[in-house]
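Trainee: I've got a model open and I'd like to talk it through. Can we take it piece by piece?

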Amino acid sequence: MAEAPFAVLGLYPTAQALTDAVPKLKLAGFDGLEAYTPYPIHRLDEVLGLKKTPLGFLVLGMGLVGTASALGLEWFADAVDYPFIVGGKALFSWQAFVPVMFEVTVLFATFTAGLAMLFVLNKLPFFGHPVLASKSIAAITCDRFALSIERGEGGEKPIDVAAARRALEATGAESVEVVGDPAAADTTGAYAPFTPRDAVKAALMIAVACAVAGAGMYAAVKVVLTVPPITHIQNQPKLNAQRASTFFADGSGMRLPVAGTVARGHLPYPFKSPEEAEAALANPLPRTAAVLEKGRREYADHCGVCHGSIGNGEPSLSSAYGGKPANLVSATFRGYSDARLYHVITVGKNAMPSYAADLAEDERWAVVHYLRALQRSQNARDEDVR
Ligand code: HEC
């Protein structure tokens, strides 16, 4: 044993015995006390007079750093680097930043709690501690509670081993061990901060973990899906729309609709020319305020961009739109029948697309009524205003 031992360590049978021993040892003048227990014991830190952990302040501080970074990042992105107005709000609209600020605060705080605990307070990657090399450590990690006197009086003088041993035994320690000074006794590297051997071991363990996780993932994704009963769902008899099939005479899995089938809610539009439409169709809707209002709404939604909100053929599109929309209030179109206007809306014409998919039949007829109103408003006769 080296000249100055690291500690004199007493093992107590119960947590209560350990807690009771602390004040007695303190009274006897031993103040450099540490406890090693198999599980955390409530209020032991208070009895030992340990300093409060600074972890809370670290977490608070880093949480606030997180809040500030998120705010700063969002301010920079939204108000400085890419000023882009969203929903008419101010560029620096902090209320909208709150969710991200909250998330980043939590992120910084939790990472600080975990990493500061491991690397700052628990001193990773320093794995060694003299008590780990003691004979008592097996009992401490199982069912015994250790108190160790780690400093002499005033924290400076070497420990008086005999006195420490007597004091521990007097307060109920079952056995007492003198733990050697690591600096003097270390030949195994057990107290070295992080030996190359530890590094190799850690790398090996990480490699094994990766291999196991990778193999597990591979099995879950590639293997499990290829064995019964999972495969039953793939192997059931079925026709693939785009694949060949021997089931039907024409060798294809996909069927055409039965001749004459009409999709629900859809009537085929049979007229190829405006003349055919004119011969068969008449506006079925009455010219009421409600119909005109519906026509106005649909016209504004679907036609106004190209034909102008009053129908005069002046688009509100930029010149990049190459088409030349018709002036719908001109004499030509005032002379068009309702059916002919309906036909154009239904099938389109050159640069004007069909609106059959966007407007139901009664909506198209309502637009026709509204077109009439536009035409008359731009070509009013004296009688109209009387
Ligand atoms: C994308 C732009 C655009 C939209 C939207 C549009 N049109 Fe047109 N429309 C045109 C163009 C371009 C023409 C001229 C086509 C031609 O004569 O080559 C035209 C022509 C017409 C004509 C005259 C057809 C003829 O026989 O000469 C009518 C009527 C008409 N549109 C009605 C409408 C109605 C009603 C709507 C809304 C349901 C509408 N358009 C929506 C671009 C548009």
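Trainee: How far is an oxygen atom of the ligand from an N or O atom in the side chain of K349?

Mentor: Keep in mind that this is a predicted model. A polar contact needs a pair of N or O atoms within 3.5 Å. For the side chain of K349 and a ligand oxygen, the distance is 3.1 Å.

Trainee: Which side chain has an N or O atom 2.7 Å from a nitrogen atom of the ligand?

Mentor: Start with the surroundings: 21 residues sit around the ligand, and the closest include C303, C306 and M352. Y336 puts a polar side-chain atom 2.7 Å from the ligand, but its partner there is an oxygen atom. The side chain that pairs with a ligand nitrogen at 2.7 Å is that of H307.

Trainee: How are α11 and α15 oriented to each other?

Mentor: Helix α11 covers residues 289–302 and helix α15 residues 361–378, and their axes are 7 Å apart. The angle between them is about 95°. Angles of 65 to 115 degrees fall in one class, so α11 and α15 are roughly perpendicular.

Trainee: How many of the residues in the contact of α11 with α15 are nonpolar?

Mentor: From α11 you get V291, L292 and Y299 among others, and from α15 residues including A366, V367 and L371. The contact also holds 5 charged and 2 polar residues. The nonpolar count is 9.

Trainee: How many residues apart in sequence are the parts that E275 and R340 tie together?

Mentor: The structure has 9 salt bridges, and one of them joins E275 to R340, with the closest N and O atoms 3.9 Å apart. E275 belongs to helix α10 and R340 to helix α14, so the pair links parts whose separation in sequence is 65 residues.

Trainee: Which peptide bond is cis, with omega near 5°?

Mentor: Look in the loop between α8 and α9, where P229 sits. The residue before the bond is a proline too, and the cis bond runs from P228 to P229.

Notes: Residues are numbered from 1 along each chain as its sequence is written. This is a predicted model: local features need pLDDT of at least 70, side-chain atom pairs count only at pLDDT 80 or more; totals for chains, interfaces and linings use all residues. Side-chain values use heavy atoms; hydrogens and water are left out. Axes are lines fitted to C-alpha atoms, for helices over the stretch in contact, and angles run from 0 to 180 degrees between N-to-C directions. Helices (H or I, at least four residues) and strands (E, at least two) are DSSP runs, numbered from the N terminus. Angles under 35 degrees count as roughly parallel, over 145 as roughly antiparallel, 65 to 115 as roughly perpendicular and the rest as oblique. Contact means heavy atoms within 4.5 Å. Ala, Val, Leu, Ile, Met, Phe, Trp, Tyr, Cys and Pro count as nonpolar, Asp, Glu, Lys and Arg as charged, and the others, Gly among them, as polar. A residue is near a molecule or strand if one of its heavy atoms lies within 4 Å of it. A polar contact is a pair of N or O atoms within 3.5 Å; within protein, one must be able to donate a hydrogen and the other to accept it, and residues adjacent in sequence count only if both atoms are side-chain atoms. A salt bridge is a side-chain nitrogen of Lys or Arg within 4 Å of a carboxyl oxygen of Asp or Glu.
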